[in-house]
Amino acid sequence: MSDLLAKTFFNDLRLKKAKQLLLDALQEHSSKIVCVKPSSSRLKTSYKKLLDQFAKKRGAPLWYPYLSTGLGNGALIELADGSIKYDFISGIGVHWSHSKPSLISASIDGALQDVIMQGNLQQNVRSLELSQLLTKISGMDHVVVSTSGAMAAENALKIALQKNHPKQRILAFSNCFIGRTITLANITDKAANRVGLPSVIDVDYIPFYDHNKPETSLKHSLCVLKKYLERYPNQHSVMCMELIQGEGGYYKAPKEFFISLMEELKKHNIIIMIDEIQTFGRSGSYFAYQEFGLQDYVDIVTIGKLSQVCATLFKKEINPKPGLISQTFTSSSAAIETSIKIINELKDDSYLGKNGKIHEYHHIFKTLLEGLAIEYPHLVEGPYGYGGMIAFTPFKGDKDKVLIFLKELFINGVIGFIAGRNPVRARFLLPLGGITKEDIYKGFEIIKKTLINTSK
Ligand SMILES: Cc1ncc(COP(=O)(O)O)c(C=O)c1O
């Protein structure tokens, strides 16, 4: 007999049987969700009432009339109005797949553990397992888990600022999004997100790669960087960057663009922080910096969304002094278990690599959208993005028209979202762990029909 009571508990046959029963029931019911379905007229009034109550409690309506029932099947979800929709946005990149038995099984394992939330004084052995996994796949030395992408970014900035004290300026790319705390809203390049907030940090913006000017773009960005370094000598602590801009509009850049800037940053001992909160697990590698061969330059990385837990990963050279980083909550036990599961599935179920499913799905969706752009050049430009992040520009990026299109698309059964400003794009973050090629074809047909109808 094991000397650990928990080991006997988790191996108890009754748990195995109960779990199997739950998963059998889940599969039986979730497998009935097979295709897009309109809302039920019978549920219309009660659904509207729920949405109104939600808006009242929140102080503002939800962006989409989306209240899920808690049951889905892969890329499909059931809403409380009786409709079934393709979820092509995954809660802005959070979900791997709806009602996926392997994930529900992992979260049951988490739910059986003694505490709901782990944290500063209450870590259990599975947190260690996750930390080991994250450092192994990232090549970083240390990891601190936290409850939101914003908290992971705050921790990253604190680590960088402490290491490079008294340097206090931050570098970031134009159009970046890094989060919504007061500091992060100062860095996020969107004026509307910081209305009424104090200015707490000095940020210098470097233009991101411009696809319309491939010849001069790198030179220009490098020149702007050098000017800032000259204007504020020895004052920059860290440059934070997304390698594929998410909220900014799904822009990517060639490897050489990043390498030139990173070389310059290294010359000045400026810490390089990569924000992988939207890109983690979506680029074809675990991390976009691995996909683009930039691992030698990276000092700190933040992850969130698809990883279920949020975390700051960093090199030992910048390990902060005691007292700087700590949290009552790091993550829920269920999120820790599902995080481990998703990280393993990414590798074991052939999602990663040049011939992996992420690039395969990207290729299918991209080819369909390219065909659409050729057929309707006045309606569609693009596609843009990389891996599991895909966007196109409908209606020349006119915000009002793109919003009408996306809301209509939602009613017709596909959920996407906006990205970027001027042009505003329609973007998709596919639920990679559950989507099939068939889903992409079917979802695309709905996108095409909606686009044509909205243009009339
Ligand atoms: C690139 C990037 N960084 C940071 C964040 C902030 O993450 P969270 O909303 O979990 O605080 C987001 C969220 O959309 C993001 O896309």
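## A salt bridge within one helix

Glu370 forms a salt bridge with Lys366, and their closest N and O atoms are 3.4 Å apart. Both residues belong to helix H13, where they stand 4 residues apart, about one turn of the helix. The structure described here is a predicted model.

How far is each partner open to the surroundings? Glu370 has a relative accessibility of 32% and therefore counts as partly exposed, since the partly exposed class lies between the buried limit of 20% and the exposed limit of 50%. Lys366, with a relative accessible area of 29%, is likewise partly exposed.

## Salt bridges between distant parts of the chain

A search of the whole structure finds 16 salt bridges. In one of them, the side chains of Asp204 and Arg169 meet with an N to O distance of 2.9 Å. This pair links distant parts of the chain, 35 residues apart: Asp204 is in strand E7 (residues 203–206), and Arg169 is in strand E6 (residues 169–173). Are these two residues buried or exposed? Asp204 and Arg169 are both buried.

Another salt bridge joins the side chains of Lys437 and Glu360, with 2.8 Å from N to O. Here too the pair links distant parts of the chain, with Lys437 in helix H15 (residues 437–455), Glu360 in helix H13 (residues 357–375), and their positions 77 residues apart. Lys437 has a relative accessible area of 38% and is therefore partly exposed. Glu360 also counts as partly exposed, because its relative accessibility is 32%.

## A network of charged residues

Salt bridges can also be considered in groups. Arg126, Glu129 and Glu337 are linked in a network of salt bridges.

## A nonpolar patch on the surface

Which residues form a nonpolar patch on the surface? The patch consists of Phe9, Phe10 and Leu112. Together these residues have about 240 Å² of accessible area.

Phe9 is found in helix H1, which covers residues 5–10. The relative accessible area of Phe9 is 36%, so this residue is classed as partly exposed. That value also satisfies the requirement for patch residues, because they must have over 30% relative accessible area.

## The largest pocket

Rolling a probe the size of a water molecule over the atoms shows where empty space is left. The largest pocket has a volume of about 700 Å³. Its lining comprises 29 residues, and the closest to the centre are Phe177, Arg180, Asn193, Glu247 and Arg427.

Which elements each supply at least two residues of this lining? They are helix H7 (149–163) and strand E16 (417–419). The largest share, 3 residues, comes from E16. By character, the lining of the largest pocket divides into 10 nonpolar, 9 polar and 10 charged residues.

## The cavity

How many cavities of 30 Å³ or more does the structure hold? There is 1 cavity of 30 Å³ or more, and the largest cavity has a volume of about 40 Å³.

The largest cavity is lined by Ala172, Cys176, Phe177, Ile178, Ile187, Cys240, Met241, Glu242 and Asp275. This lining divides into 7 nonpolar, no polar and 2 charged residues. Phe177 therefore appears in two descriptions, because a lining residue is one with an atom within 4 Å of a point of the space concerned: Phe177 lines the largest cavity, and Phe177 is also among the residues closest to the centre of the largest pocket.

Methods
Residues numbered from 1 in each chain as written. Predicted model: local features only at pLDDT ≥ 70, side-chain atom pairs only at ≥ 80, totals over all residues. Heavy atoms only, no water. 1 Å grid on protein atoms, 1.4 Å probe; cavity = no way out; pocket = protein on both sides within 12 Å on 5 of 7 lines; lining within 4 Å. Points joined across faces, edges and corners; volume = space filled by probe spheres on them. Nonpolar A, V, L, I, M, F, W, Y, C, P; charged D, E, K, R; others polar. Patch = residues over 30% accessible without salt bridge, like charges linked within 9 Å, V, L, I, M, F, W, Y side chains within 5 Å. Areas by Shrake-Rupley, 256 points an atom, 1.4 Å probe, with all protein chains shown as cover. Salt bridge = Lys/Arg side-chain N within 4 Å of Asp/Glu carboxyl O. Buried < 20%, exposed > 50% of the residue type's maximum accessible area, 1.4 Å probe, protein only.
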